[in-house]
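Please open the structure in a viewer and keep the sequence at hand. The tour below proceeds by selections, each followed by a description of what is found there.

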Amino acid sequence: MTTGFTVEQLRSAVTDAVRAPSLHNTQPWRFRLRDGGIELSVDPLRRLPATDPSGWGARIAAGAVLFNLRLALAVAGTPATVRLRPYPADPNVVARLVPDVPRRPTPNEQILHAAISRRFSNRAPFWPDPVPADARWRIGEAARAEHCWLELLIGTGAVNAFAEITRSAHRVLERDPAYVAERTAWIRSEPAPDGVPAAAGGPRGEPQDLLPQRGFGGRDRAPGRDFEPEPLVAVLGSAGNTTADQIVAGQALQRVLLTATDAGLSVSMISQPIEVSGAREALRLSLGRFGTPQMGLRIGYGQPGTATPRRPVDEVLDLPVASA
């Protein structure tokens with residue numbers, strides 16, 4: 001009978017887990033074995049004080065990496081039972097995973113696991129092809145499976161309302177020199193294991209764009225390469241906005257992203273209206289939903305691309321030191 005996870009199981013699962021997204025690709029997570037369980041923590045040294053002063057973004061990222069961790073363990077035949085925030089005195093520990101009854105992975109677990117390595121944030125313009133109804137239904141079900149909701153914005157009025165709120169939030173953020181400097185510090189012009197490569201930052205924003213661009217040092221776009229005028233926009237939300245709700249929302253976000261990847265869709269995340277509290281409330285009211293918006297998404301069909309780099313697994317593991 002299995003009494004705990006091994007270092008080998010931890011290392012293998014973390015290899016997949018770290019493919020999760022994070023603000024500016026800071027990868028704010030650490031993993032360790034403790035009494036046979038895998039513990040996932042937020043790395044306080046990789047928090048973004050100007051961009052993410054409340055820690056919301058780090059907890060969303062931790063939830064996304066937790067979902068990947070769950071998938072990797074399940075596909076290996078060693079599923080886990082998860083306890084969120086197991087130590088009230090140590091809020092940096094996001095979750096503790098202990099072995100559950102061994103079983104074969106489900107077909108859906110295998111499908112989503114296979115999408116981990118293919119998922120990336122596509123900040124370039126999408127093609128005009130509409131997202132079919134079955135794909136829309138699948139990504140909505142993915143959010144519900146993780147106890148969250150996904151509101152697809154239907155109609156020009158709903159999309160324009162979202163765009164107006166997002167542009168307003170973007171202007172607020174861009175007026176903060178510390179915010180701009182922090183983002184700039186995470187742009188990578190040379191190969192690096194973290195941060196956002198300038199080539200992956202998408203084209204520079206232009207006045208005619210419906211949705212604002214984050215500004216990761218992208219190139220000017222070619223003529224005729226405007227962003228889609230009627231994008232499919234979705235808002236992911238949770239029942240509340242506690243620390244646990246944000247971790248749950250991160251898991252739902254990753255399940256939605258992997259489901260979209262399997263369906264051949266591209267996604268970019270739009271967090272500006274979440275980062276500004278007044279904009280988040282305006283967004284909630286515009287949706288007429290209970291609960292809290294946790295992420296905006298632009299969804300469609302785009303050009304193939306590659307994922308941003310990740311740090312080596314050994315850099316995010318806290319392993320016990322072997323005794324002499």
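Select glutamate 174, which counts as partly exposed at 28% relative accessibility. This tour follows a predicted model. Glutamate 174 forms a salt bridge with arginine 183, and their closest N and O atoms are 2.5 Å apart. Select arginine 183 as well: with a relative accessibility of 6%, this residue counts as buried, because the limit for that class is under 20%.

**Further salt bridges**

In the whole structure, a search finds 17 salt bridges. For another of them, select arginine 298 and glutamate 228, whose closest N and O atoms lie 2.6 Å apart. This pair links distant parts of the chain, 70 residues apart: arginine 298 belongs to strand β10, whereas glutamate 228 is in the loop between β7 (196-197) and β8 (232-238). Both arginine 298 and glutamate 228 are buried. Next, display Arg32, Arg34, Glu39 and Arg96, which are joined into one network by salt bridges that share partners.

Move on to arginine 289 and glutamate 151, a salt bridge with 2.6 Å between the closest N and O atoms. Arginine 289 is in the loop between α9 (277-287) and β10 (292-300), and glutamate 151 is in strand β5 (residues 149-152), so the salt bridge ties together parts 138 residues apart in sequence. Arginine 289 counts as partly exposed, at 26% relative accessibility. Glutamate 151 also counts as partly exposed, with a value of 22%.

**The sheet of four strands**

Select β5, β8, β10 and β9, which in that order form an open sheet of 4 strands with antiparallel pairing. Which strands stand at its edges? They are β5 and β9 (266-270), each pairing on one side only. On average, and with direction ignored, neighbouring strands of this sheet are turned by 30° against each other.

Now restrict the view to β8 and β10, which pair in the antiparallel sense over 7 bridges. Within this pairing, leucine 236 has methionine 295 of β10 as its bridge partner. Add helix α7 (residues 243-262), which packs on the sheet and touches β8, β9 and β10; the direction of α7 makes about 10° with that of β10. Then add α9, which also packs on the sheet, where it touches β5, β8 and β10, at about 75° to the direction of β10.

**The nonpolar cores**

Select Leu150, Phe162, Leu297 and Ile299, the residues with the most contacts inside the largest nonpolar core, a set of 46 residues. Centre the view on phenylalanine 162: beyond its neighbours within four places in sequence, its contacts include Leu153, Leu211, Val233, Val235 and Ile270. Pro273, Leu283 and Gly296 are also in contact with phenylalanine 162. A second core, separate from this one, has 30 residues, among them Trp29, Ala95, Leu97 and Leu317.

**The sheet of five strands**

Select the 5 strands that form an open sheet in the order β3-β4-β2-β1-β11, with mixed pairing. Strands β3 (80-84) and β11 (317-318) stand at the edges with a single partner strand each, so one side of each has no neighbour in the sheet. Strand β3 pairs with β4 (residues 93-99) in the antiparallel sense over 5 bridges. Valine 82 has leucine 97 in β4 as its bridge partner.

Add helix α1 (residues 7-17), which packs on this sheet and touches β1 (29-34), β2 (37-42) and β11; its direction makes about 160° with that of β1. Which residues of α1 are buried? They are Leu10, Ala13, Val14 and Ala17. Viewed down the axis of α1, these buried residues fall within an arc of 105°, so they line one face of the helix. The buried residues of α1 pack against β1, β2, α2 and β11.

**Helix α2 and asparagine 68**

Select helix α2 (residues 56-75), which lies across β1, β2, β3 and β4 and runs at about 160° to β2. Asparagine 68 has its place in this helix. Is asparagine 68 buried or exposed? Asparagine 68 is buried, its relative accessible area being 0%. To end the tour, display the residues in contact with asparagine 68, leaving aside neighbours within four places in sequence: Asp16, Ala17, Arg19, Ala20, Ile116, Gln254 and Leu258.

Key: Residues are numbered from 1 along each chain as its sequence is written. This is a predicted model: local features need pLDDT of at least 70, side-chain atom pairs count only at pLDDT 80 or more; totals for chains, interfaces and linings use all residues. Side-chain values use heavy atoms; hydrogens and water are left out. Two strands pair if DSSP finds at least two bridges between them. Helices (H or I, at least four residues) and strands (E, at least two) are DSSP runs, numbered from the N terminus. Contact means heavy atoms within 4.5 Å. Axes are lines fitted to C-alpha atoms, for helices over the stretch in contact, and angles run from 0 to 180 degrees between N-to-C directions. A salt bridge is a side-chain nitrogen of Lys or Arg within 4 Å of a carboxyl oxygen of Asp or Glu. Buried means under 20% relative accessible area, exposed over 50%, partly exposed in between (1.4 Å probe, protein chains only). A nonpolar core is a set of buried Ala, Val, Leu, Ile, Met, Phe, Trp, Tyr and Cys residues joined through side-chain atoms within 4.5 Å. The arc is that of the directions from the helix axis to the C-beta atoms.
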